[in-house]
Amino acid sequence: MLPDDKLSMDSNMAKFELPPLPYPYNALEPQISEETMHFHHDKHHKAYVDKLNELIEGTEYEKMTLEEIVQKSEGPVFNNAAQVWNHTFFFETLSPNPKQRPQGALAEAIDRDFGSLDQLAAQLKQAGVGQFGSGWAWLVKDSFGKLTVKATPNAVNPLKEGEKAILTIDVWEHAYYIDYRNRRPDFLSAAWERIDWNIVEKRYNGQ
Ligand code: MN
């Protein structure tokens with residue numbers, strides 16, 4: 001690369017980069033199609049990254065981590081920062097070869113707080129279906145280790161409220177409309193099958 005190119009690149013260097021998908025675009029089929037993953041990652045997730053970089057240029061937020069921006073901003077900066085965080089977290093929750101069931105401390109906490117894994121699935125689905133308009137369904141761990149399911153509107157996430165998210169499903173229409181049209185409940189059931197409990201366990205155990 002020529003020095004001049006390097007300089008011009010540096011002066012326009014975007015602070016945040018779109019993380020690559022952690023698996024091939026078609027790897028979540030048949031539950032989530034390759035086409036959906038291209039739109040969801042390459043268009044929607046990327047748009048939030050690009051917009052965030054545009055909005056924070058020359059502001060105090062340029063010196064902050066993504067998590068700090070989520071916690072300290074409001075309005076358009078918050079919306080885009082939180083959506084960058086939420087999508088990275090969501091895509092990392094899913095896997096082509098998911099661990100099918102939680103074990104250990106997380107499995108015990110799920111039985112304690114929901115009765116069973118099936119009842120957690122039902123509550124998470126209900127939260128996602130019941131979220132009016134765009135938003136997210138979450139499994140959240142509080143500071144005592146207790147688990148709760150919650151839904152949030154638009155870009156809002158548990159991080160904003162000082163809570164630790166360990167699992168999420170995106171229920172914005174762009175997450176499912178190509179594959180499921182208006183059938184959000186079917187998408188939630190399908191996405192559940194792709195949740196990698198190995199990753200959720202690591203988050204629960206604080207790794
Ligand atoms: Mn989305």
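Where is the place of His40? His40 sits in helix 2. Keep in mind that this is a predicted model, and everything below is read from that model.

**His40 and the helix 2–helix 4 pair**

His40 has a relative accessibility of 1%, so it counts as buried. Skipping its neighbours within four places in sequence, His40 touches a fair run of residues: His45, His87, Phe90, Phe91, Asp170, His174 and Ala175.

Some of that ties in with how helix 2 and helix 4 meet. Helix 2 covers residues 34–56 and helix 4 covers residues 75–93; their axes come within 9 Å and cross at roughly 145°. As for hand, the crossing of helix 2 and helix 4 is left-handed. On the helix 2 side, the residues taking part are Met37, His40, His41, His45, Ala47, Tyr48, Val49, Lys51, Leu52, Leu55 and Ile56. Their partners in helix 4 are Pro76, Val77, Asn80, Ala81, Gln83, Val84, His87, Thr88, Phe90 and Phe91. Sorted by class, this contact has 13 nonpolar, seven polar and one charged residues.

**Just ahead of helix 2**

The loop between helix 1 (3–11) and helix 2 holds Pro30, and Ser33 is found there too. Ser33 counts as buried because its relative accessibility is 14%, and buried means under 20%. What does the side chain of Ser33 join in a polar contact? The partner is the side chain of Asp179, at 2.6 Å. Leaving out neighbours within four places in sequence, Ser33 is in contact with Tyr25 and Ile178 as well as Asp179.

**Backbone oddities**

Most residues other than glycine have a negative phi, and most peptide bonds are trans. Here are a few spots to look at with that in mind.

| Site | Backbone feature |
|---|---|
| Glu29 to Pro30 | cis peptide bond, omega near 5° |
| Asn154 | positive phi, near 55° |
| Arg181 | positive phi, about 50° |
| Gly115 | positive phi, near 100° |
| Gly206 | positive phi, near 85° |

Asn154 lies in the loop between strand 2 (147–153) and strand 3 (164–170). With a relative accessible area of 43%, Asn154 is partly exposed. Arg181 belongs to the loop between helix 7 (177–180) and helix 8 (184–193). As for the two glycines, Gly115 follows helix 5 and Gly206 follows helix 9.

**Helix 5**

Which residues of helix 5 (residues 104–114) are buried? They are Leu106, Ala107, Ala109, Ile110, Asp113 and Phe114. These cover an arc of only 160° around the axis, so they end up on the same side of helix 5. Turned away from that buried side is a face with the exposed residues Glu108 and Arg112. The buried residues of helix 5 have plenty to pack against: helix 6 (117–130), strand 1 (135–141), strand 2, strand 3 and helix 9.

**Helix 9**

That brings us to helix 9 (residues 197–204), where the buried residues are Trp197, Val200, Glu201, Arg203 and Tyr204. They span an arc of only 160° around the axis, which puts them on the same side of helix 9. What caps the N-terminal end of helix 9? Asp196 does the job, with a side-chain oxygen 3.0 Å from the backbone nitrogen of Asn198.

Methods. Residues are numbered from 1 along each chain as its sequence is written. This is a predicted model: local features need pLDDT of at least 70, side-chain atom pairs count only at pLDDT 80 or more; totals for chains, interfaces and linings use all residues. Side-chain values use heavy atoms; hydrogens and water are left out. Axes are lines fitted to C-alpha atoms, for helices over the stretch in contact, and angles run from 0 to 180 degrees between N-to-C directions. Helices (H or I, at least four residues) and strands (E, at least two) are DSSP runs, numbered from the N terminus. A crossing is left-handed if the near helix is turned anticlockwise from the far one by less than a right angle, and right-handed if clockwise. Contact means heavy atoms within 4.5 Å. Ala, Val, Leu, Ile, Met, Phe, Trp, Tyr, Cys and Pro count as nonpolar, Asp, Glu, Lys and Arg as charged, and the others, Gly among them, as polar. Buried means under 20% relative accessible area, exposed over 50%, partly exposed in between (1.4 Å probe, protein chains only). The arc is that of the directions from the helix axis to the C-beta atoms. A polar contact is a pair of N or O atoms within 3.5 Å; within protein, one must be able to donate a hydrogen and the other to accept it, and residues adjacent in sequence count only if both atoms are side-chain atoms.
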